[in-house]
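Work through the two exercises below with the model open beside you. Each begins with a task and continues with a solution in steps.

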Amino acid sequence: MLRVSGLRKAFGEHEVLRSIDLEVVQGQVLTLIGPSGSGKTTALRSLNGLEIPDAGRVEVAPDLSVDFAAPVAKRDLARLRDCSAMVFQHYNLFPHMSVLANVVEGPVRVRNRPRDEAVAEAERLLERVGLSDKRDSFPHQLSGGQQQRVGIVRALAMRPRVLLFDEPTSALDPELVGDVLGVIRELAEEGWTMVVVTHELAFAQEVADQVVFMDQGVVVEHGAPEAVLTAPREERTRQFVRRLQ
Ligand code: ADP
């Protein structure tokens with residue numbers, strides 16, 4: 001479904017991604033773990049062109065292949081952005097818009113869908129995450145967990161092929177983490193293709209089909225969660241996992 005090869009990115013002299021390869025099978029969940037600053041977010045953002053890599057290729061099956069070695073055509077970048085939707089650590093909702101307007105904005109303005117159809121779908125999705133009664137509220141009137149559930153609904157409303165999550169629970173109070181992870185778990189069970197950057201190893205263990213451990217801009221180890229999280233081959237992975245458990 002999604003294949004990344006040879007992804008490189010530097011900020012000035014600092015090489016943040018040093019030839020990253022990833023592969024996500026349709027309907028599967030890949031979790032990216034690793035120490036702070038290892039390049040996880042930059043890799044994730046590169047998957048949908050929020051970050052423009054210096055080199056490497058991102059392919060989304062069956063029909064899109066973007067090579068970053070040369071300047072990328074605007075049309076290809078737009079197509080890449082259309083393939084996926086991002087759920088951000090700090091939700092990134094529009095503060096001056098109601099919950100419903102936040103969800104409807106993308107489908108109407110970016111996807112050109114009729115407003116009444118987009119509203120009906122937004123209402124369905126909000127009901128699904130238990131937020132029907134918040135449709136007319138503004139983001140600041142919601143808890144962090146509720147805002148993040150709106151963030152997820154907003155991503156789903158774009159009908160992407162791939163959902164990208166950037167540490168979706170790390171800004172939340174501990175008691176609100178479970179609700180958001182519960183929604184992500186359900187999406188995984190429904191067969192969404194997802195890439196999740198997370199520090200929640202128990203969640204990764206339970207939901208991921210593949211865990212990728214990154215450190216200092218490289219993939220150190222990847223494989224099934226049981227292998228990477230409970231019997232890591234590499235010392236760096238072992239140390240990281242031990243510290244978080
Ligand atoms: P992680 O998600 O694993 O914490 P990031 O991808 O956020 O790692 O960051 C990797 C490194 O790249 C960090 O050292 C960070 O400071 C740096 N970095 C990220 N974005 C930028 C940017 N826009 N400009 C300069 N440096 C950046």
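A salt bridge is counted here when a side-chain nitrogen of Lys or Arg lies within 4 Å of a carboxyl oxygen of Asp or Glu. The model to which this criterion is applied is a predicted one.

**Exercise 1.** Examine the contact between the side chains of Arg135 and Glu123, and determine where in the chain the two partners sit.

*Solution.* Start with the distance: the N to O separation is 2.1 Å, and the side chains of Arg135 and Glu123 meet in a salt bridge. Next, place the partners: Arg135 belongs to the loop between H4 and H5, whereas Glu123 lies in helix H4, so that the pair, twelve residues apart, links distant parts of the chain. Then turn to accessibility, where partly exposed covers the range between under 20% (buried) and over 50% (exposed). Arg135, with a relative accessible area of 28%, is therefore partly exposed, and Glu123, at 31%, also counts as partly exposed. Finally, put the pair in context: the structure holds 19 salt bridges.

**Exercise 2.** Describe the largest pocket by its volume, its lining and the elements that contribute to that lining.

*Solution.* Begin with the volume, which is about 490 Å³. The lining consists of 22 residues, and those nearest the centre of the pocket are Ser84, Ala85, Met86, Phe88 and Met158. Two or more lining residues come from each of helix H2 (74–83), strand S6 (84–87), helix H3 (99–109) and helix H5 (144–157), with H3 giving the largest share, five residues. Sorting the lining by residue class completes the description: eleven are nonpolar, five polar and six charged.

Key
Residues numbered from 1 in each chain as written. Predicted model: local features only at pLDDT ≥ 70, side-chain atom pairs only at ≥ 80, totals over all residues. Heavy atoms only, no water. 1 Å grid on protein atoms, 1.4 Å probe; cavity = no way out; pocket = protein on both sides within 12 Å on 5 of 7 lines; lining within 4 Å. Points joined across faces, edges and corners; volume = space filled by probe spheres on them. Helix = DSSP H or I, 4+ residues; strand = E, 2+ residues; numbered from the N terminus. Nonpolar A, V, L, I, M, F, W, Y, C, P; charged D, E, K, R; others polar. Buried < 20%, exposed > 50% of the residue type's maximum accessible area, 1.4 Å probe, protein only.
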